[in-house]
Each structure stands twice: as structure tokens, then as C-alpha cells.
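Open the model in your viewer and keep the selection box handy. We will go from one stop to the next, picking out a few pieces at a time.

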Amino acid sequence: MEPSPAAGGLETTRLVSPRDRGGAGGSLRLKSRLHHFTLAGGYLAHSLAIMTDAAHLLADVGSMMGSLFSLWLSTRPATRTMTFGWHRSETLGALASVVSLWMVTGILLYLAFVRLLHSDYHIEGGAMLLTASIAVCANLLMAFVLHQAGPPHSHGSRGAEYAPLEEGPEEPLPLGNTSVRAAFVHVLGDLLQSFGVLAASILIYFKPQYKAADPISTFLFSICALGSTAPTLRDVLRILMEGTPRNVGFEPVRDTLLSVPGVRATHELHLWALTLTYHVASAHLAIDSTADPEAVLAEASSRLYSRFGFSSCTLQVEQYQPEMAQCLRCQEPPQA
């Protein structure tokens, strides 16, 4: 039995507000144009540092396109062969974005190593400086736009903090504003990299003999770009390996279930995430013979939804038996 406060399709449509969809589309178009410009500028200037910046932008564009596509794909209804629907498509898109960034960055690192080894290359300082300057201006513009699109100032207790996914059918989710803040922080990282490329271009423009600054910058920015994929990769692996959702602990969920009147023990407790926002729980509840199974089920489900924001909970109620204490399948899993 699985009482659910909201349908799966409704949860998907509430993830991003129309305003945030429009902002994501505008940011995607701007980043796509900036990528094409920096790619052309890097080719004309023979600058690997600018090409690295372009590769990072390409990964961002691919990630944003994958997010928008997965948002559409996840609205498809569940079927008999896809009983959870298409929610996990966004995770596969994120993994593809990370892998593509690694491949492009690996090629650029190889070319930078060859340049440092042979020094048979020429940098067009003027073209590099112009391209880097425009990239800085474009990133400044994106940071300004995203900053203006952020959540309004609030003196409420909740403010702009994270909130559970479900606190009632009428309460809107603040996930869109959170996405804007995350995008703003990411653009600040891009801006910092663009400033680094600009500094290298200024040095090469006025001191052409220091052209090694270009491959050296490529090494530094490639490391930063690869490092930026670590959080995404960690989340992807956690989801694909059916790991416990972030910020949801096994012990708090277990203790919440045990605090329900009539529950003597719990076993077969499983927590996993279909996506970063779609969390699922299942458990067996062993109750006293005098307890009302329907009341226990309703109370336990309500507590899981309200306290942890689970999108789906499947609970099985059974009579408590003393031999459960020695049952191997009824034992809690060890600490990781």
C-alpha cells in the first residue's frame, strides 16, 4: 500500500517554474553563442587556453540542454516496462556531460604538453586578447542576469533555504530559485577562469616571448574544469548505485518509523534516489497485535513525507514476532 501526497507527474512539473525555464533558455542561448565565439577565437589565435574555456562552455551547454531535455522526458508517464517513469534520464545526461568534458580536456592537455615539449607554435596575441575580453564581458553579463533573477529578499524563517519536496499539496517548491543560485555560482567559476585567460592573453600580447603562458594556463584551467565535475560525478554514482539520498540518513528515518505508536521493529528498510530530488523509501513495519494497521500505515507514511520529503513510500505492515530479533534478513545493514 502506497499513499502518495502527489502524483509523479505533478512532482516533475513543479521542479522548475516557468520563469526559471525562461531564464534557463536565455542562459543556454547566451552560453551557446559564447562557446561558438570562443571556439572560433581560440582557433584563430592558436590559443589552447581559450580552447579550454570553450570546452568548458561546451560542457555547460551540453549539461543545460540535457537538463532541459530530461525535464521534458521525465514528464512521460510510467509504463509496464518503465514503472518509475523516465526520471533518471537527467542522471544519464549528467554522466554523458562529464565524460564528454573529460575527453575534450584530455585532448587539450595532450596538445598543451606537446607545445611545452617542442615550442613550435605561434600565438596571435591580439586575437587572444580580444576573445578573452569578450568572454569576460559575456560572463559578467550572465552573472548579472542570474543575480537579478535570484529570489527576492525575505525575512521569513525559511528564506531561501532548501525545503522538503512535499509539505502539502498547495505549497510551492523553492527548487527553481535554488537552481538559479547554483547557476550563478557556476557562472562565477566560469568568470574566474575567463579572467585567468585574459591575464595570460595580456601577458602574451605585451610579452610574446612568454607564449608558454598559454599551455601552462591550459594545464591549470583543465585541472579546474575536471575538478568542477567531482560533485556531479559523486551525485551520479550515488544515484546509479542506488545510494541513500543526500541529507537523508538511515538512522533518522529508522527512528522516525520506530516512534510511530504501535511499531515494535522495522526491517528491510531501503532508501534510494531516482534523481537528486525524487527520493524513495520502502520498509517492513512490525507492529503490536493490538495496533491498528491502517492507522500505523497512515501515520508512518505521513511522517516520512513531511519530515524527509520522500516522493514515494512503500510500507508493509506485519505482526511482530519475537524470532524477528534473530532473523538475518531482519538485521540492519552495517555502517559503510
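Start by selecting α4 and α7: because their axes cross at an angle over 145 degrees, these two helices are roughly antiparallel to each other. This is a predicted model, so every stop on the tour is a look at a prediction.

**Stop 1: α4 against α7**

In the selection box, α4 is residues 89-118 and α7 is residues 213-228. Their axes come within 9 Å and cross at roughly 155°. The crossing is left-handed.

Now show side chains. On α4, the residues that make the contact are Leu101, Trp102, Thr105, Leu108, Leu109, Ala112, Phe113, Arg115 and Leu116. On α7, pick Asp214, Pro215, Ile216, Thr218, Phe219, Ser222, Ala225 and Leu226. Colour them by class and you should find 12 nonpolar, 3 polar and 2 charged residues.

**Stop 2: α4 against α8**

Keep α4 on screen and add α8, residues 230-240. Here the axes come within 10 Å and cross at roughly 140°, which makes α4 oblique to α8. This crossing is left-handed.

Which residues make the contact between α4 and α8? From α4, select Thr91, Leu92, Ala94, Leu95, Val98 and Trp102; from α8, select Thr232, Leu233, Val236, Ile239 and Leu240. By class, this contact has 9 nonpolar and 2 polar residues, with no charged ones. Pause on Trp102 of α4: this residue takes part in the contact with α7 and also in the contact with α8.

**Stop 3: the sheet**

Hide the helices and turn to the strands. Three of them, in the order β1-β2-β3, form an open sheet with mixed pairing. Select β1 (263-273) and β3 (312-319) to see the edge strands, each of which pairs on one side only. From one strand to the next, the twist averages 10°.

Next, add β2, residues 279-287. β1 and β2 run antiparallel and are joined by 8 bridges. Together they form a hairpin, with 5 residues between the two strands. Two pairs are worth labelling here: tryptophan 272 stands opposite valine 280 in β2, and leucine 271 stands opposite alanine 281 in β2.

**Stop 4: the helix across the sheet**

With the strands still showing, bring in α10, residues 293-308. This helix lies across β1, β2 and β3, and runs at about 150° to β3.

**Stop 5: colour by confidence**

Finally, show the whole protein and colour by pLDDT. The average is 76, and 76% of the residues score at least 70. Which element has the highest mean pLDDT, and which the lowest? The highest belongs to α10, at 95, and the lowest to helix α1 (residues 8-13), at 34.

Two stretches deserve a selection of their own. Over residues 1-23, pLDDT stays under 50, and the model has 46 contacts beyond four places in sequence for them. Over residues 151-179, pLDDT also stays under 50, with 40 such contacts.

Methods. Residues are numbered from 1 along each chain as its sequence is written. This is a predicted model: local features need pLDDT of at least 70, side-chain atom pairs count only at pLDDT 80 or more; totals for chains, interfaces and linings use all residues. Side-chain values use heavy atoms; hydrogens and water are left out. pLDDT is the predictor's confidence in each residue, from 0 to 100. Helices (H or I, at least four residues) and strands (E, at least two) are DSSP runs, numbered from the N terminus. Contact means heavy atoms within 4.5 Å. Axes are lines fitted to C-alpha atoms, for helices over the stretch in contact, and angles run from 0 to 180 degrees between N-to-C directions. Angles under 35 degrees count as roughly parallel, over 145 as roughly antiparallel, 65 to 115 as roughly perpendicular and the rest as oblique. A crossing is left-handed if the near helix is turned anticlockwise from the far one by less than a right angle, and right-handed if clockwise. Ala, Val, Leu, Ile, Met, Phe, Trp, Tyr, Cys and Pro count as nonpolar, Asp, Glu, Lys and Arg as charged, and the others, Gly among them, as polar. Two strands pair if DSSP finds at least two bridges between them.
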